[in-house]
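Work through the exercises below with the model open. Try each task before reading its solution.

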Amino acid sequence: MIRAAWRNASIAGIGLSDYPVVPNLTSEGHAALAFGRALADSGLHKADIDGFFCAGNAAPHIEDAENLAEQLGIRPRFIDNTYTGGSAFEVLLQHATIAIAAGECDTALIVYGSDARSRGKRTLGSGGVPPMAYPWDLKDYRPSRVGGPMAFEVPFGGNIISSYALAAQRHMFEFGTTSEQLAEIAVAMRYNAGFNPSAMYRDPLTVADVVGSALIADPLHRWDCCVVSDGGGAVIITTTERARDLATHPVNVLSAKNAGTHWNIGQMPDFTRTGAADCADAAFEAAGVTRDDIDTLQVYDSFTITVLLQLEDLGFCAKGEGGAFVSDGKLKVGGALPTNTDGGGLSSCHPGMRGIFLIIEAVRQLRGDAGEAQTPGAELAMVSGSGGLLSHLGVAILGRDR
Amino acid sequence: MNDLAAELHTTERMLPQPDTVSAEFWDGLAVGELRLQRCTDCDTAQFYPRPTCSTCGGAVEWFVATGRGEVHTFTVVRANGVEPFASLVPYVFAVVQLEEGPRMLTNVIQCDPESVRIGTHVQLTPVAAGELVLPFFTPASRE
């Protein structure tokens, strides 16, 4: 068998739909709007897309990739619909990079859209629904019985927030982490949102505001929780060789790794450790860079504890030291490790699966297009998505092409 | 038992659908037993029930566990938009570490939610939910 030479992959186009609240757009509408903007950004044509990657359970009718590809008018020769929760887009980035490298496709689209806010009617702090028990936009649909592994969890009134609270409580018990330290993460994200005119919340937030907000599930308060917004995103990836001839400055995919530890929260092997600890070293090694080289971090922030665990597991600080690490403002724009420079899911945009927005914001930073939130001279970005209930982590290291 | 079932709104919860793998577990609760699986090859106990051992892939057999354990981690849920849990707040959603090794999600009941701690000793308390029985846990002093 003759194999094509391995080809490096670069991000050539990015597009965001509108957010945070867009009542007139369906999930597919968000995907289509983001795709059109990513195409325009790259200067490519729809017919150039021969690899199609999506994941989503926000709307049952776009759950399958073939359906969404058909709606967007794409005829792929490589298709992938891997679902790992919100980290799926980091996982799909890995798969797309491999597919391009192996010559199985030349130009890949990763796309996502969700109307979770406008049609799901989920609001922050409501406690939501049992995690992934039924699709979000079928608000009144209640199956009477639950089968499989969730049969052992759903009857006890768990939901997304209370699941993450189990991790936060254990982290506090083992390491003495405080609510004030977790609050620092929300405060930094809100500060960063102040630079983003589209962010859902932009008014300054203090540690006192966070720890003074309503407890939803101990120890998580209202402002430890992400927003629920509408939104969509698209990323176009092609060979580095081709990307260098296109309109935008290429952003190279230096590495993309992922690791799962469990799916249901009751099965989490260690409530203070995620799969990021299993794949971060491999990501740095494959990229040939170190943690000190990273100029900006885009990390999944469904809850404050989600960020804290990833900072430790990615190795930016030691296990248990996340609380102290985040307490000096280093996550803020202008700080030592500018993180979630668009305001993150905690203040800006979180339509249910935030992973694609992490990639898009990293690309904006590496192109130098982040405006007032720009990290000066940013050349390397790390992206870390957390999917499910701290279940499957996907990390990537992106670099500005020289 | 019936008073407790009413107090916990058990029949209003989304209830389990037993299947060929899990039926033994649910049947055990109906007679007050916590039945777990143990591997016939590597001897590892596991929960929830699976077709094979998730440690080594071996065959599994059932045994009756003590029903004793301690709270590994927990949260006091103070807001939940979904009934019947909206009416039950504040309640304790907990992961119990069983003596035999596996962990289970449950509610710690019949206590002040504010009194539960990581390490609190607990004991199985089966509570009826229609024709099924759910595995709740209650604080226990360990002899």
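**Exercise 1. Size the interface of chain B with chain A.**

Start with contacts, meaning heavy atoms within 4.5 Å. In this predicted model, 39 residues of chain B touch 41 residues of chain A. Next, take the area. The size of an interface is often given as the accessible area lost when the parts come together. Here the buried area (accessible area, 1.4 Å probe, lost on putting two parts together, summed over both) is about 3300 Å². Carbon and sulfur atoms give 61% of that area. Finally, find the main contributors on chain B. Met14(B), Phe93(B) and Leu105(B) supply 22% of what chain B buries against chain A, more than any other three residues.

Two conventions apply: residues are numbered from 1 along each chain as its sequence is written, and chains are lettered from A and ligands numbered from 1 in the order in which they are written. Local features need pLDDT of at least 70, side-chain atom pairs count only at pLDDT 80 or more, totals for chains, interfaces and linings use all residues, and side-chain values use heavy atoms, with hydrogens and water left out.

**Exercise 2. Count the salt bridges and polar contacts between chain B and chain A, then place the chain B side on its secondary structure.**

A salt bridge puts a side-chain nitrogen of Lys or Arg within 4 Å of a carboxyl oxygen of Asp or Glu. There are two between chain B and chain A. Arg78(B) pairs with Asp218(A), with the closest N and O atoms 2.6 Å apart. Polar contacts (a donor and an acceptor among N or O atoms within 3.5 Å; residues adjacent in sequence count only if both atoms are side-chain atoms) link 19 residue pairs, both at pLDDT 80 or more. Now the elements, which are DSSP runs (helices H or I, at least four residues; strands E, at least two) numbered from the N terminus. Those of chain B supplying at least two residues each include helix H2 (23–30) and strand E5 (68–77). E5(B) gives the most, with six residues.

**Exercise 3. Describe how H5(A) packs on H9(A).**

Take the axes of H5 (residues 179–193) and H9 (residues 304–313) of chain A: they come within 9 Å and cross at roughly 100°. That makes H5(A) roughly perpendicular to H9(A), a label covering 65 to 115 degrees. Axes are lines fitted to C-alpha atoms over the stretch in contact, and angles run from 0 to 180 degrees between N-to-C directions. Then list the residues. Leu182(A), Ile185(A) and Ala186(A) of H5(A) meet Thr304(A), Ile305(A), Val307(A) and Leu308(A) of H9(A).

Technical notes:
Angles under 35 degrees count as roughly parallel, over 145 as roughly antiparallel, 65 to 115 as roughly perpendicular and the rest as oblique.
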